[in-house]
Amino acid sequence: MTFVVTENCIKCKFTDCVDVCPVDCFREGPNFLVIDPDECIDCTLCEPECPANAIFAEDELPTGQEMFIQLNAELSKQWPVITEVKSPLPDAEEWNGKTGKIDLLEK
C-alpha cells in the first residue's frame, strides 16, 4: 500500500506534507504534487498535514479518485523531487474543496 495525492491538490499545491516526509517521496508539477509509490514507506505522516485533505491511503481513496493511483505513479517518474515547503499557489484557497479539477492538471 502507498499514499496517493488526489484531485483536491490540483491548483492548490500546499506543501506542508513535504516537510514531514522522511523519505522524500513527493514530486512537484506545475500545479499538483504526487507521491512516488516506489519511495513511499506508508508512514502516514503526510496525510494529516495536508490542509486540502487531498492525501489518502491507496485502499481508502474516496469514490471517483481511483485514477489518481496511476496518475501519481506515472507523474512521479517525470517530475522532480520536492523536499522543502513552498508557498501554495496564489489562489489555492479559492480552489480548495472544488471538484472537477482533473482537466486543469498541468503536466
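Start by selecting Lys 86 in this predicted model: its relative accessible area is 42%, so Lys 86 counts as partly exposed. Now add Glu 28 to the selection. The side chains of Glu 28 and Lys 86 meet in a salt bridge, with N and O 2.7 Å apart. Glu 28 belongs to strand E2, while Lys 86 sits in the loop between H2 and H3, so the two are distant parts of the chain, 58 residues apart. Unlike its partner, Glu 28 is buried, because its relative accessibility is 15% and the cut-off for buried is under 20%.

**Next stop: Asp 36**

Select Asp 36 together with Lys 77. These two form a salt bridge whose closest N and O atoms are 3.2 Å apart. Lys 77 is in the loop between H2 and H3 and Asp 36 is in the loop between E3 and E4, so this pair ties together parts of the chain that are 41 residues apart in sequence. Is Lys 77 buried or exposed? Lys 77 is exposed, at 51% relative accessible area, whereas Asp 36 is buried, at 5%.

Keep Asp 36 selected and add Arg 27. Here is another salt bridge, with the closest N and O atoms 3.1 Å apart. Arg 27 is buried too, with a relative accessible area of 8%.

Which residues join into one network with Lys 77 through salt bridges that share partners? They are Arg 27, Asp 36 and Asp 38. If you would like to look for others, a search of the whole structure finds five salt bridges.

**On to the rings**

Two aromatic pairs turn up in a search of the whole structure. For the first view, show Phe 32 and Phe 68: this pair is tilted, with 6.0 Å from centre to centre and 55° between the planes. Phe 32 lies in the loop between E2 and E3 and Phe 68 in helix H2, 36 residues apart. Phe 32 and Phe 68 are both buried.

Now bring in Trp 79. The ring centres of Phe 32 and Trp 79 are 6.4 Å apart and the planes stand at 80°, so this pair is edge-to-face. Trp 79 lies in the loop between H2 and H3, so its pairing with Phe 32 ties together parts that are 47 residues apart in sequence. Trp 79 is buried, as is Phe 32. With Phe 32, Phe 68 and Trp 79 on screen together, you are looking at a cluster linked by ring pairs.

**Widen the view to the core**

Phe 32 also has a place in the largest nonpolar core, which has 32 residues. Phe 32 is listed among those with the most contacts inside this core, along with Phe 26, Ile 35 and Ile 55. To see which elements contribute, colour strands E1, E3 and E4 and helices H1, H2 and H3: each supplies at least two residues of this core.

**A buried asparagine**

Move to Asn 31, in the loop between strand E2 (26-28) and strand E3 (33-35). Asn 31 counts as buried, at 2% relative accessibility. Where does a polar atom of its side chain point you next? The backbone oxygen of Leu 104 lies 2.8 Å from that polar atom of Asn 31. Residues that Asn 31 touches include Cys 9, Cys 12, Leu 89 and Glu 106.

**Last stop: Trp 95**

Finish by selecting Trp 95 and Lys 98. The charged end of Lys 98 sits over the ring of Trp 95, 5.1 Å from the ring's centre.

Definitions and conventions:
Residues numbered from 1 in each chain as written. Predicted model: local features only at pLDDT ≥ 70, side-chain atom pairs only at ≥ 80, totals over all residues. Heavy atoms only, no water. Helix = DSSP H or I, 4+ residues; strand = E, 2+ residues; numbered from the N terminus. Buried < 20%, exposed > 50% of the residue type's maximum accessible area, 1.4 Å probe, protein only. Polar contact = N/O pair within 3.5 Å; in protein donor to acceptor, adjacent residues only side chain to side chain. Contact = heavy atoms within 4.5 Å. Core = buried A, V, L, I, M, F, W, Y, C linked by side-chain atoms within 4.5 Å. Salt bridge = Lys/Arg side-chain N within 4 Å of Asp/Glu carboxyl O. Phe/Tyr/Trp six-rings, centres within 6.5 Å; stacked < 30°, edge-to-face > 60°. Lys NZ or Arg CZ within 6 Å of the ring centre and 35° of its normal. Lists of a residue's contacts leave out its neighbours within four places in sequence.
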